[in-house]
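Here is a guided walk through one protein model, written to be read with the structure open beside you. We begin with the whole and then move in to single elements and residues.

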Amino acid sequence: MKAMRLKAPGSPLELTELTLPAPREQELRIAVEACGVCRTDLHVLEGELPDIHCPLTLGHEVVGRVIEAGAAAGRFKAGDRVGVPWLAYTCGVCAYCRSGRENLCRTARFTGYTRDGGYAEELLADARYCLPLPAGPAASLAPLLCAGLIGYRAYRTAGEGANLGLYGFGAAAHIVAQVARAQGRRIFAFTRSGDEAAQRFARTLGAVWAGGSDERPPEPLDAAILFAPVGALVPAALAAVSPGGRVVCAGIHMSDIPAFPYRLLWEERSVCSVANLTRRDGEEFLTLAAALGLECTVERFALTDANRALERLRGGALTGAAVLEMPLRT
Ligand SMILES: [Zn+2]
Ligand SMILES: [Zn+2]
């Protein structure tokens, strides 16, 4: 089978022919139908995260069909459609795992980072961390598996205030905006300064206001979520939230946060991050996505065009999410 692999951090992905071993006890061998392209993939590719071991196959928003299941793979069998998200394995016994916070497990493994992911025709995944998926075209479901899931965890962390700011209106924000709107929130979308296409896109998804991240919103925000990996947005967002408001950083990597005056944090404003996901997040969010009929706007690429998809993401040229589609198998 073919995979687009990272041979060394900072270099383009290379098309490689591989043979996967048979799945072990808990594993599934999965034929990939589609795999979303996430900003985290860029951080892995650039070597901005620790412990990257090459060669490595990126991709953690995988929609596929089980080809072969290990003897103890439990609830999934050959022919089933599954989603493979970022969280690939946890220890199950540490204090985090035992307290519903497996997203913070110190020995967790991650798809497309510390184990091979879905920029490939096939992958192996631990069945216990795979998710059942709602019906629908694979390419439209793929972005739900990270942009949607991590976006939803950030959305929940932001609290229940009515006015929600989203900084960076890409794959995650375009899904969160739909959830927020369905739940009666008001979305204020911040894009790169002058990015009118992104601002128009945000308005079509129901944002009550869209502008540049250097602008102040017309009303104070109750909370803000930062999807853009830009540390300078932290003080900007703090300046835009009301007393008691929370600023949630949703990315795995961000440029340094500049020094800012204490008065921006004063009055019980707070800054926090969300990391990874739990399996419970996955099940809860995918159920909600099906109930709300969330629709992802996607730009499709062939597997061999993965480098071009990553370039478009890096350049802020995408509307919605980029997805790699594998040819249909017969
Ligand atoms: Zn653990
Ligand atoms: Zn991701």
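Please keep in mind that this is a predicted model.

**The whole chain**

Let us start with the overall build. The secondary structure comes to nine helices and 18 strands. Along the principal axes, the C-alpha atoms fill a box of roughly 60 × 40 × 40 Å. The radius of gyration is 19 Å, which agrees with the value near 20 Å for a compact globule of 330 residues. Of the 330 residues in the protein, 48% are buried. Among contacts with a separation of 6 or more, 69% are between residues 24 or more positions apart.

**Two domains**

The protein is divided into domain 1, made of 2-144 + 297-325, and domain 2, made of 148-273. Their centres, taken over C-alpha atoms, are separated by 27 Å. Where they meet, 14 residues from domain 1 and 14 residues from domain 2 take part in the contact. Which element gives the most to the side of domain 1 that touches domain 2? That is H1, with three residues. By type, the residues on this side of domain 1 divide into six nonpolar, six polar and two charged.

**A three-stranded sheet**

Next, find the strands at the start of the chain. Three strands form an open, antiparallel sheet in the order E2-E1-E4. Strand E2 (14-17) and strand E4 (56-57) are at the edges with a single partner strand each, so one side of each has no neighbour in the sheet. As a reminder, strands of a sheet pair through backbone hydrogen bonds, either parallel or antiparallel.

Strand E1 (residues 2-6) pairs with E2 over four bridges, and with E4 over two bridges. On the E2 side, Ala3 has Thr16 as its bridge partner. On the E4 side, Arg5 has Thr57 as its bridge partner, while Leu6 stands opposite Leu56.

Just along the chain there is a backbone detail to look for: Cys54 and Pro55 are joined by a cis peptide bond, with omega about 0°. Pro55 lies in the loop between H1 and E4.

**Two helices with a buried side**

Now turn to helix H6 (residues 196-204), where Ala198, Phe201 and Ala202 are buried. Why do these residues line one face of the helix? Seen down the axis of H6, the buried residues fall within an arc of 100°, so they line one face. In general, an α-helix has 3.6 residues a turn, so residues three or four places apart point the same way. The face of H6 turned away from the buried side carries the exposed residues Glu196 and Thr204. The cover over the buried residues of H6 includes helix H5 (171-182), strand E12 (186-191) and strand E13 (209-212).

Helix H9 (residues 306-314) has Ala306, Ala309, Leu310 and Leu313 as buried residues. They cover an arc of only 100° around the axis, which puts them on the same side of H9. What do the buried residues of H9 pack against? Their partners are E1, strand E3 (27-37), helix H1 (39-45), strand E17 (298-302) and strand E18 (321-325). E1 thus appears here again, after its pairing with E2 in the sheet.

**Residues with positive phi**

Finally, here are some backbone angles to check on your screen.

| Residue | Phi | Place |
|---|---|---|
| Gly206 | positive, near 100° | follows H6 |
| Gly316 | positive, near 70° | follows H9 |
| Glu267 | positive, near 70° | loop between E15 and E16 |
| Glu268 | positive, about 65° | loop between E15 and E16 |

Glu267 is a residue other than glycine, yet its phi is positive. Glu268 likewise has a positive phi although it is not a glycine. The loop that holds Glu267 runs between strand E15 (241-249) and strand E16 (270-273).

Are these glutamates buried or exposed? Glu267 has 11 other C-beta atoms within 10 Å, and Glu268 has 10 C-beta neighbours inside 10 Å. A residue counts as exposed with 12 or fewer such neighbours, so Glu267 is exposed and Glu268 is exposed as well.

Note on methods. Residues numbered from 1 in each chain as written. Chains lettered and ligands numbered in written order. Predicted model: local features only at pLDDT ≥ 70, side-chain atom pairs only at ≥ 80, totals over all residues. Buried ≥ 20, exposed ≤ 12 C-beta atoms within 10 Å, placed from the backbone. Arc of directions from axis to C-beta. Contact = placed C-beta atoms within 7 Å. Pairing = 2+ DSSP bridges. Domains from an automatic or database assignment. Nonpolar A, V, L, I, M, F, W, Y, C, P; charged D, E, K, R; others polar. Rg over C-alpha atoms; globule rule 2.2 N^0.38 Å.
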